[in-house]
Amino acid sequence: VTYCMVTATRGPSGREIETVTAAARRIKAEIPGIQLCASLGMLREGQAQALAEAGIDRYNHNLETSPAHFPNIVTTHGIEDRIQTVRSARAAGMEACCGGILGMGEGREDWVDLALLLRELEVESVPLNFLDPRGGTPLAGAERLSPSEALLALAMFRFVHPSADLRVAGG
């Protein structure tokens, strides 16, 4: 059984880390064998270690897209900030659940670059989300990937990550 704690923030405050670590300790004490994951945004110095010590087994933090395409999608920070969070989680002893979103105007070479970067980061779980464009959003006009393109992407990610937990979703 796995339970995941999630916040919708750029990164956790000190108080949020205290709340999540207290909850993790209590859950681990009351439910033997449970696996805990967290998705709290970008981590600062010492936060990954605090989460791991409290019993968080896996950290979820998607890169979103390849390094080359990232500035076209995210303008508030660089991809290195996200990569560092994944590295911090791994260094603290947590598994990494890390993937991206396909269909945001990137090319197939971006798929390959993302897949290879995730392999370099040694992630155990790769969530692949296929963009479902929504009106009123910056990517509202994006063309959905065809079923053939989606299958091609999935096959390539499986080839690059033969033993990872490959997850598929729309978003």
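The following paragraphs lead through several helices and individual residues of this predicted model.

A suitable starting point is the pair of helices α1 and α2. Helix α1 comprises residues 14–30, and helix α2 comprises residues 47–54. Two packed helices are described by the angle between their axes and by the distance between those axes. For α1 and α2 the angle is about 20°, and the axes lie 8 Å apart. Helix α1 is therefore roughly parallel to α2, since angles under 35 degrees count as such. The crossing in which α1 passes α2 is right-handed. On the side of α1, the residues that meet α2 are Ile17, Val20, Thr21, Ala24, Arg25 and Lys28. Their partners in α2 are Gln47, Ala50, Leu51, Glu53 and Ala54.

Two residues show how surroundings can be described one position at a time. Gln47 belongs to α2 and has a relative accessible area of 7%, so it is buried; the cut-off for a buried residue is under 20%. When neighbours within four places in sequence are left aside, Gln47 is in contact with Pro12, Ser13, Ile17 and Met42. Ala29, by contrast, is found in α1 and is exposed, because its relative accessible area is 63% and the cut-off for exposed is over 50%. Ala29 and Gly55 are 26 residues apart in sequence, while their C-alpha atoms are 9.8 Å apart in space.

Attention may now turn from helices to a loop. His61 is placed in the loop between strand β3 (58–60) and helix α3 (70–73). Is His61 buried or exposed? With a relative accessible area of 5%, His61 is buried. Not counting residues up to four places away in sequence, His61 touches Gly41, Met42, Arg82, Thr85, Val86, Cys97 and Cys98.

Further along the chain comes helix α5, which covers residues 108–120 and thus has 13 residues. From its first C-alpha to its last, α5 reaches 19 Å, close to the 18 Å expected at 1.5 Å a residue. Which residues of α5 are buried? They are Asp110, Trp111, Leu114, Ala115, Leu117 and Leu118. Viewed down the axis of α5, these buried residues fall within an arc of 165°, so they line one face of the helix. A general property of helices helps in reading such a pattern: an α-helix has 3.6 residues a turn, so residues three or four places apart point the same way. On the other side of α5, Glu109 and Glu120 are exposed. The buried residues of α5 pack against helices α4 (79–91) and α6 (147–160), and also against strands β5 (100–102) and β6 (125–130). Just after α5, Glu122 takes a positive phi of about 55°.

Helix α6 can be read in a similar manner. It has 14 residues, and from its first C-alpha to its last α6 reaches 20 Å, close to the 20 Å expected at 1.5 Å a residue. Its buried residues are Ala150, Ala153, Met156, Phe157 and Val160. Seen down the axis of α6, they fall within an arc of 130°, so they too line one face of their helix. Pro147, Ser148, Leu151 and Phe159 are exposed on the other side of α6. The buried residues of α6 pack against β5, α5, β6 and β7 (165–170).

How values were computed
Residues numbered from 1 in each chain as written. Predicted model: local features only at pLDDT ≥ 70, side-chain atom pairs only at ≥ 80, totals over all residues. Heavy atoms only, no water. Helix = DSSP H or I, 4+ residues; strand = E, 2+ residues; numbered from the N terminus. Expected span 1.5 Å × (residues − 1). Buried < 20%, exposed > 50% of the residue type's maximum accessible area, 1.4 Å probe, protein only. Arc of directions from axis to C-beta. Contact = heavy atoms within 4.5 Å. Axes fitted to C-alpha atoms, helices over the stretch in contact; angles between N-to-C directions. Parallel < 35°, antiparallel > 145°, perpendicular 65-115°, else oblique. Left-handed = near helix turned anticlockwise from the far one by under 90°.
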